[in-house]
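Notebook open, model loaded. I want to look up confidence, the overall build, one pocket and the salt bridges, in that order.

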Amino acid sequence: MKYSFIALTSSTPRLASAQILAIAIINTDDNGIYAKEEFLIKPIPRIPKRELISLGINPNTLRTASVFCELAPFILEKIKETHTVFSDKFSERLFVKTFKEIGYPMGSATYLLDKIFKKVVGGKIPYSLENAQKAVGITMKVSSILEKCELIQKVFENITKVDPSPLDVKVAGGINKTLHSTITHLPNTPGVYFFRNAKEEVIYVGKAINISKRVRSHFSSNAAFERKLCAQTTMVDYEETGSELISLLLESHYIGSLAPELNSQQKEMLQPYIITSKVDSKGILRLQPIQKNYADSENEFYYNRDSVLLKLIEVQRKFRLCKRFGGIERTKASCSDMIYCKGICRGAEDKNDYNTRVRDALSYIDAQRPSYIIKLKGRHKNEMGFVMVKQGIYCGYGYIDTETPINSSNDIAGFLKKYSHNYFTSRIIDQFHKANKRKAENILKLECMHE
């Protein structure tokens, strides 16, 4: 049986912004090791020298290193038709994520040392490669990525020799020590977090301005729901976003796509109101507020019951339209407005003149659907986050290096992660604007930029 043991050096423990800076692969079969390789990888975008030095990497050595996309075909050939082994879930997810970013589909690892360690040792000892090394009784110093890879191989080959320990050792709050160790390493930054059960299924998705603080609050609460949630949780994952707005949008996306068992909000797509128009049998152009299924109206601008009525009243008065034909009043008789209505409902106005004003009103409504970018904090100080909206429709979000020149909207679009627009994203962005009226400098209108 062939194995590929894979060790990585990451730029940061934050998966969303992490880059692979070094990788080592050891290939074995029934006769032992038959190949060893290690590579330095040039990061894109660049990483400041001081950060590389803090990771123990000489910045000068990366100048001649290859970028990941150049090494990818070779790495794929190395691991082809082998069982892959990583130290932990983070390493595996970073590996898969990096290949996915350059268009290569990548399956999950065959083995993860941390999962094997948990099964054998249980929750008594939190997993780390160093703890696994001690439990197995291996004595070796690790000073390079290749030596780390060798340690992974040796631990994997000897882990089953460790005496099993009880699996359900508890600590305060009913959290086993492995989960407690995970929680203590959560970041104090904005993002989305995922509670998983023993089957690794996502049972709850939440957002937080401070991931660590919010997750801890779940476990410290005595509320019945929180006790139920925490009792089923065996793992907590997270995704950093840099800002609350992206956290809210991403939380909404994951709740809609994953439908976690214990989330109660945003799981059902509501039928929002949209403003549409039609010419009736008498040739009069009518405005109509209707509820429309989300799947049929992804490119529509959404209103709730109150806001659609306010918008119709606004255009009815501004363009002197009829309340009956403007979708405000339901009546077969004349409308009640004797001030703004010129009498189309009483037969006192030419329908062509009226229809012209209705078309002007529709153009006015469309013109109020702006295209812009909301500039936000990134996941680290050398990065800017952004949310893109085109004609009032949420397009997605992204991150861009603060030193990257932006001369056109296409420069931004290249960094955009596309997500679907729906009623909930519309509400989230609307609430953001209401809460940030004095921060207009963070709104960049697309029409002010070249295409």
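**Confidence**

Before anything else I need pLDDT, which is the predictor's confidence in each residue, on a scale from 0 to 100. I need it because this is a predicted model. The chain averages a pLDDT of 84, and 87% of the residues score at least 70.

Where is confidence lowest and where is it highest? I find the low end in α7, at a mean of 67, and the high end in strand β7, residues 202-208, at 95.

I also marked two stretches to treat with care. Residues 163-173 stay under 50 in pLDDT, and the model gives them 22 contacts beyond four places in sequence. Residues 294-299 are also below 50, with 12 contacts beyond near neighbours in sequence.

**Overall build**

I counted up the secondary structure: the chain has 14 helices and 15 strands. Of its 451 residues, 47% count as buried. I then checked how far apart in sequence the contacting residues are. Among contacts with a separation of 6 or more, 59% are between residues 24 or more positions apart.

**Second largest pocket**

I went to the second largest pocket next and got about 1200 Å³ of space for it. It is lined by 37 residues, and those closest to its centre are D88, K89, F90, Y127 and H185.

Which elements give two or more residues to this lining? My list is β1 (3-10), α3 (89-101), α4 (113-121), α5 (129-136), α6 (145-158), α7 (177-184) and β8 (235-240). Helix α3 gives the most, with 5 residues. I note that α7 is on that list, and α7 is also where the mean confidence is lowest.

By class, I get 17 nonpolar, 11 polar and 9 charged residues in the lining.

**Salt bridges**

Reminder to self: side chains of opposite charge can pair when their charged atoms come close. How many salt bridges does the structure hold? I get 13, and I looked at some of them one by one.

I started in α3, given its part in the pocket lining. There K97 forms a salt bridge with E101, and the closest N and O atoms are 3.5 Å apart. The two are separated by about one helical turn, because they sit 4 residues apart in helix α3. Are the partners buried or exposed? K97 is buried, since its relative accessible area of 17% falls under the 20% cut-off. E101 has a relative accessible area of 57%, so I put it down as exposed, the cut-off for that being over 50%.

Next I looked at helix α11, residues 305-318, where K311 and E314 lie 3 residues apart, about one turn of the helix. Their closest N and O atoms are 3.0 Å apart, and they form a salt bridge. K311 is buried at 14% relative accessible area. E314 comes out at 31% and therefore counts as partly exposed.

Then I checked E383 and R379, which form a salt bridge with the closest N and O atoms 2.6 Å apart. Here I found both E383 and R379 buried.

Last entry: which residues are linked in a network of salt bridges? I wrote down R93, R196 and D237.

Technical notes:
Residues numbered from 1 in each chain as written. Predicted model: local features only at pLDDT ≥ 70, side-chain atom pairs only at ≥ 80, totals over all residues. Heavy atoms only, no water. 1 Å grid on protein atoms, 1.4 Å probe; cavity = no way out; pocket = protein on both sides within 12 Å on 5 of 7 lines; lining within 4 Å. Points joined across faces, edges and corners; volume = space filled by probe spheres on them. Nonpolar A, V, L, I, M, F, W, Y, C, P; charged D, E, K, R; others polar. Contact = heavy atoms within 4.5 Å. Salt bridge = Lys/Arg side-chain N within 4 Å of Asp/Glu carboxyl O. Buried < 20%, exposed > 50% of the residue type's maximum accessible area, 1.4 Å probe, protein only.
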